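I sat down with this one to look up how the helices pack, how the sheets are ordered and where the backbone does something odd. My entries follow.

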Amino acid sequence: MVKVHTLTLRMKFEPMISRMLFNDIEDVYGYLEAIPKFQSEGNKAARFNLQKFRQFCDDIGGPHREGNYVHVAGTNGKGSTCRLLASVYQKAGYKVGLYTSPHLEDFKERFVIDGCQITDQELASFFYGNERQINQSDLTYFELSTAIAFWWFNKQDVDLAIIETGLGGRLDATNIITPMVSVITSIALDHTDLLGETIEEIAAEKAGIIKQDTPVIIGHLERAAKNVIDEIATDKNAEVFRSSELAPGFDSGIYSIKDGNEEITFSPGCISPVQAYNIAMTWQVAKVLQKRFPITSASLAEGINKSAEMYPNKGRFEKLNENYDWYFDGAHNIEAVRAMKAMVQTIKPVKDTILVLSIMEDKLSSEVGKEFSEFKKIFYHTTESNRAASVDTVRQYLPDFSIMPVKKELQQKLFEEFESELVIFAGSFYFYSTVDRWVKAFATNR
């Protein structure tokens with residue numbers, strides 16, 4: 001059960017107090033900061049029951065019941081696919097809302113319309129206008145952010161809203177919408193304590209976003225996951241479109257798909273081989289929605305090619321400084337770690353690369369540890385999060401690593417040694433702000 005914010009408790013037990021809970025934007029951020037977060041509290045900060053959240057959204061006017069939605073779930077690749085879709089439809093002239101999570105540095109990153117984040121004023125307006133409802137409900141952090149997205153996109157009258165699930169799908173807060181099309185990018189073993197211990201169980205949870213008579217597009221999935229999704233889609237009379245039908249490919253920085261007899265190539269400015277499937281799914285979404293949201297093939301291709309420029313995929317093999325070969329990748333499950341290593345290989349052998357790792361304990365396994373162990377040298381940084389893996393736990397899976405120094409002067413010395421190395425910072429998106437701070441403090445101009 002999520003803890004109720006102390007200010008909320010005071011308002012409940014002292015109903016005669018007329019002081020507003022939210023007087024300014026600082027009150028809003030203070031309230032958000034006090035809510036337990038999944039990144040630090042894990043399961044205690046989550047709720048898998050849509051009834052209370054649906055009621056809250058109804059109480060604030062039911063913004064989720066209006067609008068045109070594309071709903072995207074998956075273990076990996078869903079954020080990248082959402083950004084591709086937003087870029088494509090914005091380029092085509094539509095007003096596009098984009099809701100993703102987690103944010104890396106600023107809460108407002110989660111809410112974007114046509115490339116522009118929600119403002120402090122608009123964010124505060126949500127809290128001012130819905131204070132009574134917020135005060136009467138103990139929403140989780142993710143539920144509250146999802147409600148903000150629905151409210152803002154409705155208020156701004158977007159033509160199309162791209163919605164990324166948070167965790168799973170069936171009981172995810174985003175799953176109170178009725179989309180025009182559902183997308184399932186990938187299925188891998190992740191959050192097994194919540195979603196199931198097998199690929200089939202996890203696939204069933206992700207497939208919970210499939211709606212009656214609503215088409216579904218799937219990415220690169222193993223047979224076990226496909227079988228589950230096909231069965232659920234058949235039960236709901238949902239037509240299935242497979243990205244593999246477009247024969248997605250990647251070679252030397254060029255992506256390709258085949259639409260009928262035509263081969264189409266793209267250069268979106270990234271080097272991730274798995275992006276080929278995200279591009280294929282984006283292409284299929286556009287084809288499925290063609291009648292309601294017409295888009296030319298030229299505009300579609302341009303949106304894909306400009307996606308990295310229009311919607312930078314921060315934290316996904318992102319180069320952190322133009323002078324050094326330092327990259328951040330939030331890879332934290334076996335599928336994502338293997339994809340990250342494939343990208344490393346395009347620059348330098350993994351065995352010649354340094355890894356700076358920070359990871360949550362529930363993400364560690366012997367399989368993940370084996371993948372990480374192939375790096376030349378590993379430094380481990382632990383955080384204050386209750387979910388963070390302790391040094392002793394990491395030692396069970398990675399016997400050969402060094403502790404990332406805490407003292408600033410020692411960190412400075414280490415980063416000087418990093419200047420001639422390919423260095424990958426990875427393990428958790430929640431590690432991003434720390435790494436960004438290090439790079440800004442210790443990177444010197446050549």
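**Helix α12 and its neighbours**

I began with α12, which passes α13 in a right-handed crossing. This is a predicted model, so everything I note here is read off a prediction. I looked up the geometry of the pair next: the axes of α12 and α13 (residues 297-305) come within 11 Å and cross at roughly 145°.

Which residues of α12 meet α13? I found I279, T282, W283, A286 and K287 on the α12 side, facing S297, L300, A301 and I304 of α13. Sorted by class, that contact has six nonpolar, two polar and one charged residues.

I then checked what else α12 (residues 275-288) touches, and found that this helix lies across β9, β10 and β11. Its direction runs at about 40° to that of β10.

**The three-stranded sheet**

That sent me to the sheet itself. It is open, its three strands come in the order β9-β10-β11, and the pairing is antiparallel. β9 (249-251) and β11 are the edge strands with a single partner each, so one side of each has no neighbour in the sheet. I also noted the twist: neighbouring strands are turned by 30° against each other on average, direction ignored.

I looked closer at β10 (residues 254-259) and β11 (residues 262-266), which pair in the antiparallel sense over five bridges. Two bridge pairs I wrote down: D259 has E262 of β11 as its partner, and K258 has E263 of β11.

How many residues sit between β10 and β11 in the hairpin? There are two, and G260 in the turn has a positive phi of about 70°.

**The six-stranded sheet**

Next I went for the sheet further along the chain. This open sheet has six strands in the order β12-β13-β17-β14-β15-β16, with mixed pairing. Its edges are β12 (318-319) and β16 (402-403), each pairing on one side only.

I asked myself which helix packs on this sheet. The helix is α19 (residues 432-442), and it touches β12, β13 (326-329), β14 (354-357) and β17 (423-426). Its direction makes about 165° with that of β13.

For the pairing at one edge, I checked β15 (residues 377-380) and β16: they pair in the parallel sense over two bridges. F379 has S402 in β16 as its bridge partner.

**Two more helix pairs**

I moved on to α10 (residues 199-206) and α11 (residues 223-235). Their axes come within 8 Å and cross at roughly 40°, which makes α10 oblique to α11. The crossing of α10 past α11 is right-handed.

On the α10 side I listed I199, E200, A203 and A204, and these meet A224, A225, V228, I229 and I232 of α11. The residues of this contact divide into eight nonpolar, no polar and one charged.

I then looked up α4 (residues 50-59) against α8 (residues 141-155). They pack at an angle of about 35° with their axes 11 Å apart, and α4 passes α8 in a right-handed crossing. F53, F56 and C57 of α4 make the contact with E143, T146, A147 and F150 of α8. By class I have five nonpolar, one polar and one charged residues there.

**Aromatic pairs**

I ran down the aromatic rings too. The search of the whole structure finds 28 aromatic pairs. I picked out F22 and F127: their ring centres are 5.0 Å apart and their planes are at 65°, so this pair is edge-to-face.

Where do the two rings sit in the chain? F22 is in the loop between α1 (6-13) and α2 (25-34), while F127 is in helix α6 (residues 120-129). The pair links distant parts of the chain, 105 residues apart.

**Backbone oddities**

Last, I went through the backbone. Most residues other than glycine have a negative phi, and most peptide bonds are trans, so I wanted the exceptions.

Which two residues does a cis peptide bond join? They are S101 and P102, with omega about -5°. P102 lies in the loop between β2 (96-99) and β3 (111-113).

I also flagged N237, a residue other than glycine with a positive phi, near 55°. I located N237 in the loop between α11 and β8 (240-242).

Methods: Residues are numbered from 1 along each chain as its sequence is written. This is a predicted model: local features need pLDDT of at least 70, side-chain atom pairs count only at pLDDT 80 or more; totals for chains, interfaces and linings use all residues. Side-chain values use heavy atoms; hydrogens and water are left out. Two strands pair if DSSP finds at least two bridges between them. Helices (H or I, at least four residues) and strands (E, at least two) are DSSP runs, numbered from the N terminus. Contact means heavy atoms within 4.5 Å. Axes are lines fitted to C-alpha atoms, for helices over the stretch in contact, and angles run from 0 to 180 degrees between N-to-C directions. Angles under 35 degrees count as roughly parallel, over 145 as roughly antiparallel, 65 to 115 as roughly perpendicular and the rest as oblique. A crossing is left-handed if the near helix is turned anticlockwise from the far one by less than a right angle, and right-handed if clockwise. Ala, Val, Leu, Ile, Met, Phe, Trp, Tyr, Cys and Pro count as nonpolar, Asp, Glu, Lys and Arg as charged, and the others, Gly among them, as polar. Rings of Phe, Tyr and Trp (its six-membered ring) pair if their centres lie within 6.5 Å; planes under 30 degrees apart count as stacked, over 60 as edge-to-face and the rest as tilted.
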